[in-house]
Protein chains: 2
Amino acid sequence: MIQTELSAPLDFLLQHHVEEITAPAGTIIASPGDICQNLIVLLEGQVRIYRPAEDGRSITLYNVGKGESCTLTASCILNTTAFPAIAKVEKDAKGFVISAKQVQKWLKTEPIWQNYMFSLLSQRIVALISLVDALAFQNLDVRLAYWLLDHSQSQSIINTTHQRIADDLASSREVISRLLKEFEVNGCLNLARGYVELINREKLSHLTLM
Amino acid sequence: MIQTELSAPLDFLLQHHVEEITAPAGTIIASPGDICQNLIVLLEGQVRIYRPAEDGRSITLYNVGKGESCTLTASCILNTTAFPAIAKVEKDAKGFVISAKQVQKWLKTEPIWQNYMFSLLSQRIVALISLVDALAFQNLDVRLAYWLLDHSQSQSIINTTHQRIADDLASSREVISRLLKEFEVNGCLNLARGYVELINREKLSHLTLM
């Protein structure tokens, strides 16, 4: 996730010119083919942007967190193209709603908004290239090890399901369950219903170097 | 490739303020870790932007053509991060050279330049998401069929080597040669040294739908 704190001038601009919106976890904000009418700058919560495949798999392109916007929405507004993914609220979300027209207008008139948008777009390009890299060159076990390390941060418990990991990594639940079992046998983690406990982070990190 | 014609006002701006440069095919313009000092807007030729892997494979992120710039360079200039790929001239190139400082300055002062940069960045995001999609969900034979159709356009002869196709698709020459042989046996194409001749485009297109 790209960590972007809203600067004071940008926060001021948004607070005085646009409405706030809330959406509970589970809400689908946008689907493939939608015309983007608004851009949301998140104040709280998390929104997952993912591409679905016809066979039921999906891949998470990125998660939008506090202070961020959906770069793909911005991209669709700027190119007047249809949204090519699904945007789903993962954690109860609150955000500023900026109309497509306002997005375009501020790009011409508000340097603080220009900076924010350039930063969003350009950081996302670098992040997407990392994803391309992982998909092109890393085996699924390495991508899974990265996923576990990314999602655990300093904690050892990750509340998740095997299906959810599969949905992030363009895999199936069966394949993810088999790999997690291998990691468990190798002493990297313990598996339980609804969560994964990392017990040897170093060993797991070692996998990502192979 | 994103087809961007330089608008008359942008062309005027560039012609009157920056230098032109030429580089023959084979020139490496940037390597991983480089700090981007300049952005080049191509007037002629083609530059391939690709990520190398340690095992010798590579994947083409995109090709920069006439009227375009390297979005990744723009992104690195805007974020002051190091270049994460290789930029290699594929066809003799000529272009305008804009210093990183000028890129930043014009973003504040020249609406025509802002538009150009926003358009480049946002179109590239959509293109990168298509690449993520292909890598996540399509088998290599389907990606190869798309590659052949993309590179043949209306002609039936594609001047290429199996190694070059492998370099674009994050594969190895051996695997690409085997798949091309299968396509030949199925009557989609003829193989010869230095080129591939498509003889049944419809049959090849059919593969991309599977």
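1. A polar contact is taken here as a pair of N or O atoms within 3.5 Å, one able to donate a hydrogen and the other to accept it. With that rule, eight residue pairs, both members at pLDDT 80 or more, are in polar contact across the interface of chain B and chain A. The model is predicted, and the points below should be read with that in mind.

2. The relation between the two chains can be stated plainly: a turn of 180° with a shift of 0.0 Å along the axis lays chain B on chain A with an RMSD of 0.0 Å. This is the relation of a two-fold axis. The copies meet through the same surface, because 100% of the interface residues of chain B are also interface residues in chain A.

3. As to the extent of this interface, 32 residues of chain B are in contact with 32 residues of chain A, and about 3,000 Å² is buried between the two chains, with carbon and sulfur atoms giving 76% of that area. Of the area that chain B buries against chain A, 24% is supplied by Phe118(B), Ile129(B) and Phe137(B), more than by any other three residues.

4. Charged pairing is also found between the chains, where the rule gives two salt bridges. Asp133(B) forms a salt bridge with Arg51(A), and their closest N and O atoms are 2.6 Å apart.

5. Which element of chain B gives the most to the side that touches chain A? It is helix 4 of chain B, with 18 residues, while strand 3 (38–52), strand 4 (58–64), helix 2 (71–79) and helix 4 (111–137) of chain B each supply at least two residues of that side. By class, the side of chain B that touches chain A has 20 nonpolar, eight polar and four charged residues.

6. Within chain A, the domain assignment gives domain 1 (6–128) and domain 2 (138–208), and the centres of these domains, taken over C-alpha atoms, are separated by 29 Å. Seven residues of domain 1 of chain A are in contact with eight residues of domain 2 of chain A. The two domains bury about 580 Å² between them, 33% of it on carbon and sulfur atoms; in domain 1 of chain A, Arg57(A), Ser58(A) and Ile59(A) lose the most area to domain 2, together 54% of what that side buries.

7. Between domain 1 and domain 2 of chain A, the count is two salt bridges, and the side chains of Arg48(A) and Asp168(A) meet in a salt bridge at 3.3 Å, N to O. Strand 4 (residues 58–64) of chain A gives the most to the side of domain 1 that touches domain 2, with four residues.

Methods. Residues numbered from 1 in each chain as written. Chains lettered and ligands numbered in written order. Predicted model: local features only at pLDDT ≥ 70, side-chain atom pairs only at ≥ 80, totals over all residues. Heavy atoms only, no water. Domains from an automatic or database assignment. Contact = heavy atoms within 4.5 Å. Buried area = accessible area lost by both parts, 1.4 Å probe. Salt bridge = Lys/Arg side-chain N within 4 Å of Asp/Glu carboxyl O. Least-squares fit on C-alpha atoms with pLDDT ≥ 70 in both. Polar contact = N/O pair within 3.5 Å; in protein donor to acceptor, adjacent residues only side chain to side chain. Nonpolar A, V, L, I, M, F, W, Y, C, P; charged D, E, K, R; others polar.
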